[in-house]
Structure formats: structure tokens, C-alpha cells
Amino acid sequence: MHDQPVSTAAIQTLDVTLTVNGRELSLALDPRVTLLDALREHLGLTGSKKGCDHGQCGACTVLVDGRRINSCLTLAVMHAGDEVVTIEGLGQPDRLHPMQAAFLEHDGFQCGYCTPGQICSAVGMLEEARAGFPSVVTADLVSEPVLDDPEIRERMSGNICRCAAYPNIVAAIRQVRGAP
Ligand code: FES
Ligand code: FES
């Protein structure tokens with residue numbers, strides 16, 4: 001069997017401009033680059049983690065126009081003009097987002113690998129609940145959802161924690177949620 005010749009053709013790139021953590025950025029990207037790889041490999045924002053790279057773990061969760069998404073499952077060029085917020089943009093060490101502070105207070109992590117995704121997901125999840133989105137365990141589809149522990153667990157079920165810090169993650173989210 002003969003080896004196939006290796007193509008030396010230059011990779012075609014597309015120009016894309018998106019806002020990341022409040023900064024408008026222009027990138028020339030291979031259109032196959034995922035948003036996660038654009039953030040990590042092109043912008044050096046390594047807070048968002050690559051756990052599975054196919055939508056099963058939630059470690060790559062970021063906020064796009066305020067909604068949580070798995071950044072490994074979407075192409076960067078699809079987000080021209082969008083506002084992306086990663087864990088780096090949510091808060092700063094001296095000015096933590098309330099969800100970051102609550103995770104610290106409640107020890108909502110052990111190794112920390114899933115934590116950026118957990119925190120971004122939790123922030124997006126609270127907004128979804130405020131907007132009235134039901135989950136699969138919501139019994140009353142008319143009233144605003146009550147975020148009790150089963151609701152929180154269900155709504156965070158796309159974020160896997162291999163260290164099983166789940167009770168403390170729920171406690172942190174419960175604190176930011178306030179009175180149910
Ligand atoms: Fe995206 Fe696992 S890395 S869901
Ligand atoms: Fe280790 Fe969640 S804290 S995977």
C-alpha cells in the first residue's frame with residue numbers, strides 16, 4: 001500500500017469578530033475550530049476546560065449572550081457578534097462573582113477541573129429559572145419554577161463532577177438563589 005501524499009495546501013481561515021469577557025476580538029480561524037478551542041488555544045483563556053470534547057461533561061460551559069452552552073459543541077465562527085463570558089470574565093480574584101464566592105465558601109470543588117463549567121452553568125441556570133424555563137422535574141408549568149434541591153440537581157445534571165462535590169455545589173447554588 002502506498003502512502004497518501006500529504007496536502008500542503010494552506011488552511012482556509014475565516015475572519016470572525018466576537019466579544020469575549022467585554023473585549024471585542026477579531027480572529028482568523030479555521031472554520032472547524034470549536035468555540036472551546038478558540039478560547040483556550042487562540043485566546044489563552046484556559047479556564048474553560050476540555051473534559052470530554054463531545055458534550056457529555058459540561059466542563060467547557062460558557063455563557064453566550066447570557067445563555068449557558070457547551071463550548072466544545074459549537075464552532076467559533078458561528079458566534080460572530082456574540083457576547084461570550086468565560087469564568088475569567090465572570091469575576092476577578094478581588095471582585096468575585098457571587099457564585100464564585102459561594103463555591104469557595106461551601107467547598108464546591110475538590111480538584112477544580114469541573115468548577116469553571118459548574119459556575120458558568122449555575123449562573124446561566126439561575127437566569128433560565130428566572131425566565132420561567134421549566135425542567136423535566138418541574139411539576140407546575142405555569143408558575144415561576146421553585147428552585148428546590150431536586151430542581152437544582154436536575155438543572156445542573158449536564159455538569160459532571162468526578163470528585164462528587166455535588167452536595168457542596170448544590171449548597172453554593174442554594175445560597176446564591178436565596179429564598180426559594
Ligand atoms: Fe464540552 Fe465535555 S468538554 S461537554
Ligand atoms: Fe474535581 Fe469536580 S471538583 S471534577
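This passage describes the strands, loops, helices and nonpolar cores of a predicted model.

A convenient place to begin is the hairpin of E1 and E2. Strand E1 (residues 14-20) and strand E2 (residues 23-29) run antiparallel and are joined by seven bridges. Within this pairing, threonine 17 stands opposite serine 26 in E2. Two residues lie between the strands of the hairpin, and asparagine 21 adopts a positive phi there, near 50°.

Positive phi values also turn up elsewhere along the chain. Aspartate 65 sits in the loop between strand E3 (61-64) and strand E4 (67-70), and its phi is near 50°, a positive value in a residue other than glycine. With a relative accessibility of 48%, aspartate 65 counts as partly exposed, because that class runs up to 50%. A further case is aspartate 107, placed in the loop between helix H3 (98-105) and helix H4 (115-130). The phi of aspartate 107 is near 55°, again positive in a residue other than glycine, and aspartate 107 likewise counts as partly exposed, at 48% relative accessibility.

Helix H4, which follows that loop, deserves a closer look. At 1.5 Å a residue, its 16 residues should span 22 Å, and the C-alpha atoms at its ends are 23 Å apart, which agrees. Of the 16 residues of H4, 14 are buried, so the helix is largely enclosed by the rest of the structure. After H4 comes glycine 132, with a positive phi near 90°.

The surroundings of H4 lead naturally to the nonpolar interior. The largest nonpolar core comprises 23 residues, and those with the most contacts inside it are Leu90, Met99, Phe103, Met125, Ile152 and Ile173. Helix H2 (87-90), H3, H4 and helix H6 (166-177) each supply at least two residues of this core, and H4 gives the most, with seven residues. Because domain 1 (14-90) and domain 2 (98-177) both give residues to this core, it lies between them.

Phenylalanine 103 offers a view of the packing around one core residue. Leaving aside residues up to four places away in sequence, phenylalanine 103 touches Gly108, Phe109, Thr115, Gln118, Ile119, Ile169, Ala172 and Ile173. A second, separate core has 15 residues, among them Val20, Val33, Leu35 and Val62.

Terms used. Residues numbered from 1 in each chain as written. Chains lettered and ligands numbered in written order. Predicted model: local features only at pLDDT ≥ 70, side-chain atom pairs only at ≥ 80, totals over all residues. Heavy atoms only, no water. Helix = DSSP H or I, 4+ residues; strand = E, 2+ residues; numbered from the N terminus. Buried < 20%, exposed > 50% of the residue type's maximum accessible area, 1.4 Å probe, protein only. Expected span 1.5 Å × (residues − 1). Pairing = 2+ DSSP bridges. Core = buried A, V, L, I, M, F, W, Y, C linked by side-chain atoms within 4.5 Å. Domains from an automatic or database assignment. Contact = heavy atoms within 4.5 Å.
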